[in-house]
Amino acid sequence: MAQQQPVTVVGAGPYGLAVAAHLKARQVPLRVFGEPMESWRDRMPAGMYLKSTPLASAISDPLGRHRFLDFRAHTGEGWVGDRYAIPVEEFIRYGEWFQSQCVPELERTVVTAVESGPGGLRLRLADGEEYPSRAVVLATGLGPYSWVPPELAPLVEAGLASHPAEHASLAQFAGRRVAVLGAGQSALESAALLAEAGAEPIVIARAPQLVFGVPPERERNRYRPLRARLSHPGSSLGPGWPLLAYSRLPGAFRHLPDDIRAQKVRTVLGPAGAWWLRERVDGQFKVLTSHRLRSAGAAGRTARLHLDGTTPMVEADHVLAATGYRVDLDRLTLLDPALRRGLRRSPGGSPRLAPSFESSIPGLYFTGLSAADAFGPLMRFVAGTGYAARRISAALA
C-alpha cells in the first residue's frame, strides 16, 4: 500500500510540530525531523517578547489540549490574558513541552537533501540514511529567508553588518554604536535590547514616523464593550474587520491578484511595534525617520551609511539590518536543484500552492512563511498553525 511509505515533516518549530500532531491523529505513517524550537532558540535575541497574544500563540493540536495557557497551567503558572507579553524563553519552553507531549517520536537528525525518487520523493539524512517518502512537508520557518539589502553587501563582507537572526544575544554590542535599519517589531525591539545592554543604537527608517499597536482594551475580547466588538471584532491577528477576514478566510486569500497578495503580506500588521514596546523606544535613543539607504561602505572598522534624508551619513561600529524575511526558494538548499527548478512560483518567488498547501511538485508541501503568499499574513504567526495543519493532514490522510 502507498501509505506504508511515511509522510515526512522537515522542521520542529510551531508549524512542523502542529502538522505532525494532526497527521498522527489521522494515523498517517510519519517521520519528523529537526531540533525542537531551534530557530526560536538560535535566531531570536535573548530578552525579546512575542508580538502575539497568549490566545493567538497556541500551537495547534487536534484536541486543543496543548495551548500556551495549558502549558502555563501544567507548570503551575497563573492565567494570563491579552495584555501579557510572552517572553521568548517561555515560548521556547512551551514549544518543547508541546513536542514532548504531542510529537515524542521527533528524530533530531538533519535532513540534508530532498530529491525526486521512483514514484515520489526521496530523503537523505546527515547520518547517511536514505529512504522514500510519499510526501514531504517543509516547515523550515524563517531561517532560510532572512533578507539584507544589497546595498549593505560591502559591510556584510567586512563583518560590519548582519541580520538580527544571526544573533542569539545582542549583549555583545555593549559599548558600541549600532545602526538599526527598519521600523518594524524586529528593528524597534532590537534597538531597545541594544540600549538596555549598554550599546548606542540609532534607528534608521524609511517610514515618516514610528507606529505602535494599541493596547488591548480588556484581557479578553469577550470582555470588551459590545459596540467595540461590533465595530472592531476580535481575531487572532487583532481587532478589526480586515484582520478578522485574514484570520478566518486564508483560503480565499489565494484568489487575490499576485500584486495585492504580495502587498498585503508585506504590510498587514507592519511595519509597526507592539504596544508594550513604545515606552522602551520613545526618547531612549536616536531615531531617523524618512531616511532611505542609498549606499554603504567601510572606513577601517567603521561602517558608513549614505542616506537620502536630512542626515546624509551615519557612522557606526555595526549595522543591524532588521529588514525582515523574503521567501526565496533558491535558498532552500536541502531541495535538490532539479526540484527547485520545477517549482511554479509567484512573481515574488514564493511557491504556488494548492488549497491543500501542495506545490506544483506532487507530494511536496510548504507551510509557515513559505505559504504566506498563498494564504496571507496569518501564516506569519503561530495562530496560522491550525489552518495549515488541518488542511495538510486532511489532504495526506
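The exercises below work through one predicted protein model, from the whole chain down to single residues.

This is a predicted model, in which local features need pLDDT of at least 70 and side-chain atom pairs count only at pLDDT 80 or more, while totals for chains, interfaces and linings use all residues. Residues are numbered from 1 along each chain as its sequence is written, and side-chain values use heavy atoms, with hydrogens and water left out.

**Exercise 1. Work out how the chain is built and whether its radius of gyration agrees with the globule rule.**

Step 1: Begin with the secondary structure, where helices (H or I, at least four residues) and strands (E, at least two) are DSSP runs numbered from the N terminus; the chain has 14 helices and 15 strands.

Step 2: The radius of gyration, taken over C-alpha atoms, is set against a globule rule of 2.2 Å times the number of residues to the power 0.38. For 397 residues the rule gives 21 Å, and the chain's own radius is 21 Å, so the chain is as compact as a globular protein of that length.

Step 3: Along its principal axes, the C-alpha trace spans about 65 × 55 × 45 Å.

Step 4: Turn to burial, where buried means under 20% relative accessible area, exposed over 50%, and partly exposed in between, with a 1.4 Å probe and protein chains only. Of the 397 residues, 51% are buried.

Step 5: Contact means heavy atoms within 4.5 Å, and among the contacts with a separation of 6 or more, 66% come from residues 24 or more positions apart.

**Exercise 2. Check the length of helix 4 and find what covers its buried residues.**

Step 1: The expected span of a helix is 1.5 Å times one less than its number of residues. Helix 4 covers residues 88–102, so its 15 residues should span 21 Å, and the distance of 21 Å between its end C-alpha atoms agrees.

Step 2: The buried residues of helix 4 include V88, F91, I92, W97 and C102.

Step 3: Their cover includes helix 1 (14–25), helix 2 (38–43) and helix 3 (68–74).

**Exercise 3. Place the charged residues D373 and R220 in the chain, and decide whether each is buried or exposed.**

Step 1: D373 belongs to helix 13 (residues 372–375), and its relative accessibility of 10% makes D373 buried.

Step 2: Beyond residues up to four places away in sequence, the contacts of D373 include F253, R261 and S346.

Step 3: R220 sits in the loop between strand 9 (200–204) and helix 7 (226–231), and with a relative accessible area of 5% R220 is also buried.

Step 4: With residues up to four places away again left out, R220 touches residues including L55, W79 and D82.

**Exercise 4. Describe the loop between helix 10 (258–267) and helix 11 (278–281) through the residues W276, L269 and P271.**

Step 1: W276 lies in this loop and is buried, at a relative accessible area of 14%. Apart from neighbours within four places in sequence, W276 is in contact with Y49, L50, A85, Q185 and E189.

Step 2: L269 is in the loop too, where its phi is near 65°, a positive value in a residue other than glycine. At 28% relative accessibility, L269 is partly exposed.

Step 3: P271 is another residue of the loop, and the peptide bond from G270 to P271 is cis, with omega near -5°.
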